[in-house]
Amino acid sequence: MLGPDARLRFIPTHFNARNQALDAMGVPCTDIACPHCRRKLPPSFLELPNRIISLVGAPSAGKSYYLCALIKTLPAALYKNFALTFRDGDPSGNAYLNAMKNQLFSARSPSQAYISKTDFEGAMYEKFPRHGKTVALPRPFVYALAPLADAAQSVSLIFYDNAGEHFNPNISIEDSPGALHVASSAGVLFLLDPTSSPAFRARLTDGTDPQLAIASIDQQDSILSEMAVRIRLIAGLDARARLEKPLALIIGKCDVWRHLLPASSPLENPVRTGSGSSTGAGGGGAGGTAGVLDLDIVERNSETIRDFLLETDAAIVAAAESVSANIRYFAVSSFDHSPVPIPDGPNAGKLAPDPVRLRPFQVEIPLLWVLAQTDPNLVPVCKN
């Protein structure tokens with residue numbers, strides 16, 4: 001089914017003394033594949049609980065940059081604050097994302113740091129047979145999350161980065177099923193690009209950011225609504241039902257608009273470290289530091305951002321809150337500075353971050369909030 005260059009897939013019937021499957025020639029086989037699409041599965045697929053994290057947003061919203069910044073930030077943040085190890089669960093399958101991350105954070109110039117958008121059925125996709133036809137499915141990026149204190153609590157985090165075009169209303173689910181993972185996800189991260197919103201542009205009157213000079217069509221509220229329609233169809237939910245799964249509405253590029261927030265309500269870091277905090281299985285560890293996610297701060301930040309959105313673009317709030325009954329608002333920045341035009345080369349004129357000023361801002365907080373609900377033993381919380 002996958003062609004002559006792919007290794008044979010077979011249902012195992014014979015095993016050796018180590019319980020390894022034997023192929024028709026008696027050779028041990030340690031890899032497993034999905035019986036539906038035939039894709040090779042990561043080694044821990046049957047051993048760890050899987051948590052799908054779906055990253056959704058409009059085309060060119062910055063999802064790939066955000067995912068690279070997230071994967072770069074998580075290992076140190078999780079270990080330092082929650083005594084959790086975050087490691088590559090599928091090095092061969094994650095090679096493309098790891099290459100993008102290394103390109104971004106090892107660059108010495110904006111031209112080297114430039115990452116092209118996720119093309120519809122491009123390099124981030126693989127073609128597999130499904131229901132009698134060959135379709136493009138997004139690559140899953142698999143990572144293992146494990147507490148130092150109790151390895152039995154380990155889970156597998158599976159990230160999907162979709163091309164925004166997958167949620168256009170004229171793209172059918174059957175012909176292009178690349179967004180089906182959203183219905184099975186543990187949580188959805190929806191990345192909003194404020195520089196594509198006419199309402200945001202109207203408030204950013206200084207006009208110094210080069211992103212504001214790029215002509216764009218704002219379709220973010222329709223993509224959010226279409227995502228909800230598809231989840232309800234796949235899950236068999238009533239058209240009036242709101243989802244219960246966590247929806248983190250992320251307002252990206254906050255370095256552009258953060259100054260518009262009221263001075264009386266500054267954004268705080270909700271991660272608390274130090275002795276005396278309430279902890280779960282993930283707390284404690286190196287140096288005796290117990291970290292918790294302060295839900296009061298998450299709520300305060302969320303209310304501040306929601307109020308700002310209501311004043312700026314209420315349609316986004318209406319669309320988001322019609323999707324999920326469990327929603328929080330977050331402000332993040334993958335760069336924490338405005339990108340700069342690339343001066344020359346094949347990408348001349350396109351925008352890219354300045355590697356010298358690359359400082360991701362709170363990119364991990366939305367995921368921590370999702371994990372605190374799905375796996376509270378890993379990310380303990382405090383409130384009131």
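Helix α7 (residues 295-312) lies across β10, β11 and β14, and its direction makes an angle of about 80° with β14. The model described here is a predicted one. The three strands that α7 crosses belong to an open sheet of seven strands with mixed pairing, ordered β5-β8-β9-β4-β10-β11-β14. An open sheet of three strands, β1-β2-β3, is also present, and its pairing is antiparallel.

**The seven-stranded sheet**

- The edges of this sheet are formed by β5 (84-88) and β14 (327-331), each of which pairs on one side only, and the twist from one strand to the next averages 25°.
- Strand β8 (residues 141-147) pairs with strand β9 (residues 155-161) in the antiparallel sense, with five bridges between them.
- Within this pairing, phenylalanine 141 has phenylalanine 159 of β9 as its bridge partner, while valine 142 is bridged to isoleucine 158, also in β9.
- Strand β8 also pairs with the edge strand β5, again in the antiparallel sense and over five bridges, and here arginine 87 has alanine 144 of β8 as its bridge partner.

**Burial of strand β8**

- Seven of the seven residues of β8 are buried, so this strand is largely enclosed by the rest of the structure.
- In a regular strand, side chains alternate between the two faces of the sheet.
- In β8, Phe141, Tyr143, Leu145 and Pro147 point one way, whereas Val142, Ala144 and Ala146 point the other way, and all of these residues are buried.

**Packing of helices α1 and α2**

- Two packed helices are described by the angle between their axes and the distance between those axes.
- For helix α1 (residues 63-82) and helix α2 (residues 95-106), the axes come within 9 Å and cross at roughly 85°, which means that α1 is roughly perpendicular to α2.
- The contact brings Ser64, Tyr65, Leu67, Cys68, Ala69, Ile71 and Lys72 of α1 together with Leu97, Met100, Lys101, Leu104 and Phe105 of α2, and by class it contains nine nonpolar, one polar and two charged residues.

**Helix α5 and its surroundings**

- Helix α5 (residues 220-235) consists of 16 residues and reaches 23 Å from its first C-alpha to its last, which is close to the 22 Å expected at 1.5 Å a residue.
- The buried residues of α5 are Gln220, Ile223, Leu224, Glu226, Met227, Ala228, Arg230, Ile231 and Arg232.
- These buried residues pack against the strands β4 (50-57), β10 (187-192) and β11 (247-251), and also against helix α8 (314-323); β4, β10 and β11 are among the strands of the seven-stranded sheet.
- Just after α5, glycine 236 adopts a positive phi of about 70°.

**The three-stranded sheet**

- In this sheet the edge strands are β1 (14-15) and β3 (28-29), each pairing on one side only.
- Strand β2 (residues 21-22) runs antiparallel to β3 and is joined to it by two bridges, and alanine 21 has cysteine 29 of β3 as its bridge partner.

Notes:
Residues are numbered from 1 along each chain as its sequence is written. Side-chain values use heavy atoms; hydrogens and water are left out. Axes are lines fitted to C-alpha atoms, for helices over the stretch in contact, and angles run from 0 to 180 degrees between N-to-C directions. Helices (H or I, at least four residues) and strands (E, at least two) are DSSP runs, numbered from the N terminus. Angles under 35 degrees count as roughly parallel, over 145 as roughly antiparallel, 65 to 115 as roughly perpendicular and the rest as oblique. Contact means heavy atoms within 4.5 Å. Ala, Val, Leu, Ile, Met, Phe, Trp, Tyr, Cys and Pro count as nonpolar, Asp, Glu, Lys and Arg as charged, and the others, Gly among them, as polar. The expected span of a helix is 1.5 Å times one less than its number of residues. Buried means under 20% relative accessible area, exposed over 50%, partly exposed in between (1.4 Å probe, protein chains only). Two strands pair if DSSP finds at least two bridges between them.
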